[in-house]
Amino acid sequence: MFIKQRHLSFVLTVVIAVVGLAGCDSTEQDEDISAPIQVSVMTLENQELLVTEDLPGRVAAVRSAEIRAQISGIVQSRLFEQGTEVKSGTVLFQINPAPFKADVDIAVAALQRTEAVLARARQEADRLASLIQTKAVSPQMYDNAVSQRDEAAADVAQAKAMLARRKLDLQFASIEAPISGRIDQALVSEGALVSPTDTNPMARIQQINQVYVDVRLPASMLDTMRQHTSSGVQELAVEILNSSGEPLGIQGRILFSGVEVDAGTGDVLLRVLVDNPQHRLLPGLFVKARIPRVFYHSTLRVPQQAITHKAGQTQVWVLDKENKVQPMAIKVDELVANRYRVVSGLSAGQQIVIEGIERLSPAVQVIARPWQPTVNHQQFSADIH
């Protein structure tokens, strides 16, 4: 009997405690419900927006020249330091000139012989010209003399051309730089036999003070980009990033000339001309180009964290003059720097709730304070996510 009483007493104690806790929780909930909710709000303002897209690209030299032999011969010496800047006309390789000097001497001798024959033929033609008037010689003899004179003159012209060709071959023995630029490593060494028919060049020169960054993008983007250039905005500036997406502090401009659509992919190869005085961009390097896609002179933007979705609609909480909030359906488009561009549903001057959305309900009273972003989202040029 005593045990039953103790058990009953314990049960009653537990019930009283539970009821007391429930009463406290109910009181706290009532207090929480009645207390105004603290939120952070932002006032919408019109601002400019440049939407960009990061696209992979490859660096190419503005001008590139392959150094090749124009005559066959043995390379005697290399006259440049690999990886240095060379000027146009600088001698890069020297081919053994001895055979070509001998050919020049032979051509000089042949020219002298033909000139002597021409001089004799002219004298003979002049002598017979005076005799033909007195009919001391036959007309056929005079005609033969004139013909021999003309043939000798043709031989002289041919000998002069041959001499010029041999001198040109001798000049080609000194292989010069056709353009100014940075020369790569030598692909042949001293003692190598080179020929105009070689498949591989002797070296390459590339001008990289300016470079191209070739990027592929959908052809549909070209129209909006051209509209951007004709809208009175500053020239399309393209920011160059490294392969990891980090800015290099280098900018270029888009060249619309020579754009051709790939029939297989529907993409276009767009060239960006970039000044490269420090030679940070080397031909063949993979980079990224931040291409301007579209520019808005005046638009509204809302932080991503202010957006909620309900019943398939995108909405935000708007604060009225009585410090009450109401949900409002909106339409948004591009997400740039963690902010959506507002297409419709909002106007400048309205205040939207950024923080404290979780506890909101329609027409609830709130205490609003200005929103302080933890990260600067004021940049208007960023990737499209």
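## Strand 13 and its partners

In this predicted model, strand 10 (residues 237-241) and strand 13 (residues 286-303) run antiparallel and are joined by 3 bridges. Within this pairing, Glu 239 has Arg 290 of strand 13 as its bridge partner. Strand 13 also pairs with strand 2 (residues 47-67), again in the antiparallel sense, and here the pairing extends over 11 bridges. One position in that pairing is Leu 50, which stands opposite Phe 295 in strand 13. A further antiparallel pairing links strand 13 to strand 18 (residues 339-344) through 4 bridges. In this case Leu 300 is matched with Val 342 in strand 18. As general background, strands of a sheet pair through backbone hydrogen bonds, and the pairing may be parallel or antiparallel.

Strand 13 is mostly covered, since 13 of its 18 residues are buried. Phe 295 is a residue of this strand. With a relative accessible area of 19%, Phe 295 counts as buried, because the cut-off for that class is under 20%. Phe 295 also illustrates how residues distant in sequence can be brought together: Leu 49 is 246 residues away from Phe 295 along the sequence, yet their C-alpha atoms are 5.8 Å apart in space.

## An open sheet of four strands

Another part of the model contains an open sheet of 4 strands, arranged in the order 6-5-3-8 with antiparallel pairing. Its edge strands are strand 6 (174-176) and strand 8 (193-194), each of which pairs on one side only. Strand 5 (residues 91-95) runs antiparallel to strand 6, and 3 bridges join the two. One of the residues involved is Gln 94, whose bridge partner in strand 6 is Ser 174.

## The aromatic pair

How many aromatic pairs does a search of the whole structure find? The search finds 1. The pair consists of Phe 80 and Phe 93, with ring centres 5.4 Å apart and an angle of 80° between the planes, an edge-to-face arrangement. Phe 80 lies in the loop between strand 3 (73-78) and strand 4 (85-86), while Phe 93 belongs to strand 5, so the pair ties together parts that are 13 residues apart in sequence.

Both partners can also be described by their accessibility. Phe 80 is buried, with a relative accessible area of 6%. Phe 93 is buried as well, at 0% relative accessibility.

## Helix 2 against helix 3

Two packed helices are described by the angle between their axes and by the distance between the axes. For helix 2 (residues 98-133) and helix 3 (residues 139-172), the axes come within 8 Å and cross at roughly 160°. Helix 2 is therefore roughly antiparallel to helix 3, a description that applies to angles over 145 degrees. The residues of the contact between these helices divide into 24 nonpolar, 2 polar and 11 charged. The crossing of helix 2 and helix 3 is left-handed.

Ser 130 is one of the residues of helix 2. Is Ser 130 buried or partly exposed? Its relative accessibility is 42%, and Ser 130 therefore counts as partly exposed. The C-alpha atom of Ser 130 is separated by 9.9 Å from that of Tyr 142, and the two residues are 12 residues apart along the chain.

## A hairpin and residues with positive phi

Strand 15 (residues 313-319) and strand 16 (residues 325-329) run antiparallel and are joined by 5 bridges. Among the matched residues are Val 316 and its bridge partner in strand 16, Met 328. These strands form a hairpin with 5 residues between them, and in this hairpin Asn 323 takes a positive phi near 60°.

Most residues other than glycine have a negative phi. Against that background, further positions deserve attention. His 279 has a positive phi, near 60°, and is placed in the loop between strand 12 (267-275) and strand 13. Asn 338 also has a positive phi, near 65°. The location of Asn 338 is the loop between strand 17 (331-336) and strand 18. At 40% relative accessibility, Asn 338 counts as partly exposed.

Terms used: Residues numbered from 1 in each chain as written. Predicted model: local features only at pLDDT ≥ 70, side-chain atom pairs only at ≥ 80, totals over all residues. Heavy atoms only, no water. Pairing = 2+ DSSP bridges. Axes fitted to C-alpha atoms, helices over the stretch in contact; angles between N-to-C directions. Parallel < 35°, antiparallel > 145°, perpendicular 65-115°, else oblique. Left-handed = near helix turned anticlockwise from the far one by under 90°. Nonpolar A, V, L, I, M, F, W, Y, C, P; charged D, E, K, R; others polar. Buried < 20%, exposed > 50% of the residue type's maximum accessible area, 1.4 Å probe, protein only. Phe/Tyr/Trp six-rings, centres within 6.5 Å; stacked < 30°, edge-to-face > 60°.
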